[in-house]
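Reader: Hey, can you walk me through this one? I'm new to this, so keep it simple.
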Amino acid sequence: MSDHQGQGGPVVEVRGLSKSFGPLRVLHGVSLTVSAGRTLCVLGPSGSGKSTLLRCINFLERPDAGVVLLRGEQVGVHRTPSGRERAMTDRELARMRTRFGMVFQQFNLWPHLTVLENLIESPIHVQGRSRGEAVTEAEALLDKIGLRDKREAYPSRLSGGQKQRVAIARALAMRPEVLLFDEPTSSLDPELVGEVLAVMRDLTREGQTMIVVTHEMGFAREAADEVMFIDEGVVVETAAPERFFSNPATARVRQFLQRFA
Amino acid sequence: MIANFGIVLGEWRSLATGFLNTVWICALSGALSLLLAVFVSMLLVSRRHGVRRSTQGVVDVLRAIPFLMLLFIVYYCLPTLHVRLSSWTCGLSALIVYNTAYFAEILRGAWSHLPHEQEEAGRAYGYTGLRLYRRIILPQIFIAAGPVLGNQMITLVKNSAFLMVITIPDLTFMANQVQAIYFVPFETILVAVALYWILCSTIEWTVRRMDRVALVRGHE
């Protein structure tokens with residue numbers, strides 16, 4: 001994480017992103033900017049396109065239109081030294097995806113690997129780092145999330161909250177430039193939500209750049225630097241959390257917030 | 001009757017040779033067909049329509065014919081097409097081809113039950129193509145399909161007994177020789193059956209262990 005601190009400017013920039021599944025328009029002209037060390041929370045009703053937005057940012061879904069820039073480099077487009085552009089190959093795109101750390105709603109830990117193996121799998125086999133270095137770093141991450149004693153456990157032996165904390169550590173182990181959270185607490189029992197949010201709050205404090213799709217209003221209010229509301233695939237409002245929650249500019253957001261009041 | 005068992009035990013060398021032949025024939029064709037099945041299973045889920053359909057067609061035909069028929073095709077029919085193979089080559093290749101079809105179909109089935117999110121998590125963490133298959137998908141479908149693959153392995157052992165009809169000296173062939181020479185069919189076959197039972201039970205025991213692995217390391 002420390003290796004890209006001190007660089008100002010946007011880490012992620014999205015311009016005019018659109019995506020349809022058949023006749024269904026999921027995203028339409030979405031733009032956003034996240035600067036280094038900042039946390040953007042994306043709110044919106046179910047089915048508003050929030051998850052698709054995250055999946056388009058790291059090109060798990062290919063957008064129909066629009067541009068995604070990671071530190072100024074266009075995702076999905078390879079630029080040769082002479083300045084010519086072509087579409088990235090699958091391999092180039094896969095390599096670029098490791099610069100985004102993704103945390104899924106359903107954790108999606110690899111069940112055939114132990115907790116430690118989950119953390120070192122991609123650093124070793126995709127990023128080509130040495131095993132010793134990857135293990136040392138993974139152990140430090142397990143200390144940080146308080147699960148060092150689970151290093152040899154298989155995911156099936158963990159609670160939902162523990163799984164999601166491991167999933168966050170797995171994302172961090174790749175030293176990503178930005179973390180993408182896709183409703184990280186939505187499939188957890190209510191009493192397990194707190195431990196995951198606590199880890200996420202620590203990360204925002206440490207200056208990790210994050211985009212968080214969530215329904216946790218409390219988290220958005222306290223931890224976000226900026227809140228974005230999307231509905232039916234369109235950005236309705238983007239504002240600082242104080243402003244967003246106390247004095248939203250649009251009727252649509254006011255109506256949405258009333259249901260949580 | 002005790003005396004008859006004495007005759008059979010006196011011929012233990014023949015039976016041991018047959019047993020060891022059966023063991024290595026099964027081990028070799030099991031291992032090779034599993035390796036081939038890994039590649040065939042990739043064709044079975046290929047994004048190219050033509051590749052997927054034609055591979056599935058071949059697999060389905062192989063699974064629909066009795067093993068003995070396939071053996072006859074390789075041993076009796078290929079020579080009329082001027083393809084002459086030794087009985088060993090015929091026997092092993094028939095076993096391998098036949099089991100590859102079953103193994104590949106088992107792997108494809110396990111793959112289709114693997115939650116799509118597993119593959120997606122792999123892609124999100126930089127995996128693609130063959131590396132995605134080898135590191136993320138294949139270990140999981142092996143764990144899920146382990147018990148079924150083990151059962152198919154037992155079927156392979158039993159199918160290998162057919163190889164005697166093309167004069168391969170497996171356990172069945174050697175037992176048949178012993179009983180024909182000394183005319184002690186009951187005792188000889190009992191011993192041969194016991195040896196098959198030991199072999200299949202060993203596989204069965206491994207299958208049960210794999211079941212326990214799947215409980216901890218399988219996807220939920």
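Author: Sure, one term to begin with: two residues are in contact if their C-beta atoms, placed from the backbone, lie within 7 Å. This is a predicted model, where local features need pLDDT of at least 70 and side-chain atom pairs count only at pLDDT 80 or more, while totals for chains, interfaces and linings use all residues. Residues are numbered from 1 along each chain as its sequence is written, and chains are lettered from A and ligands numbered from 1 in the order in which they are written.

Reader: Ok, so what is A:I211 in contact with, leaving aside its neighbours within four places in sequence?
Author: With A:V12, A:V34, A:L40, A:V42, A:L54, A:V178 and A:L180.

Reader: Switching to chain B, how many helices and strands are there?
Author: Chain B has nine helices and zero strands. Those are DSSP runs numbered from the N terminus: helices are H or I with at least four residues, strands E with at least two.

Reader: And what does the C-alpha trace of chain B span?
Author: About 70 × 45 × 25 Å along its principal axes.

Reader: Which residues of helix 4 and helix 5 of chain B make their contact?
Author: Helix 4 of chain B passes helix 5 of chain B in a right-handed crossing (near helix turned clockwise from the far one by less than a right angle). B:F67, B:L70, B:L71, B:V74 and B:Y75 of helix 4 meet B:S87, B:C90, B:S93, B:A94 and B:Y98 of helix 5.

Reader: How much of chain B is buried?
Author: 37% of its 220 residues. Buried is 20 or more other C-beta atoms within 10 Å of a residue's own, exposed is 12 or fewer, and partly exposed is in between, with C-beta atoms placed from the backbone.
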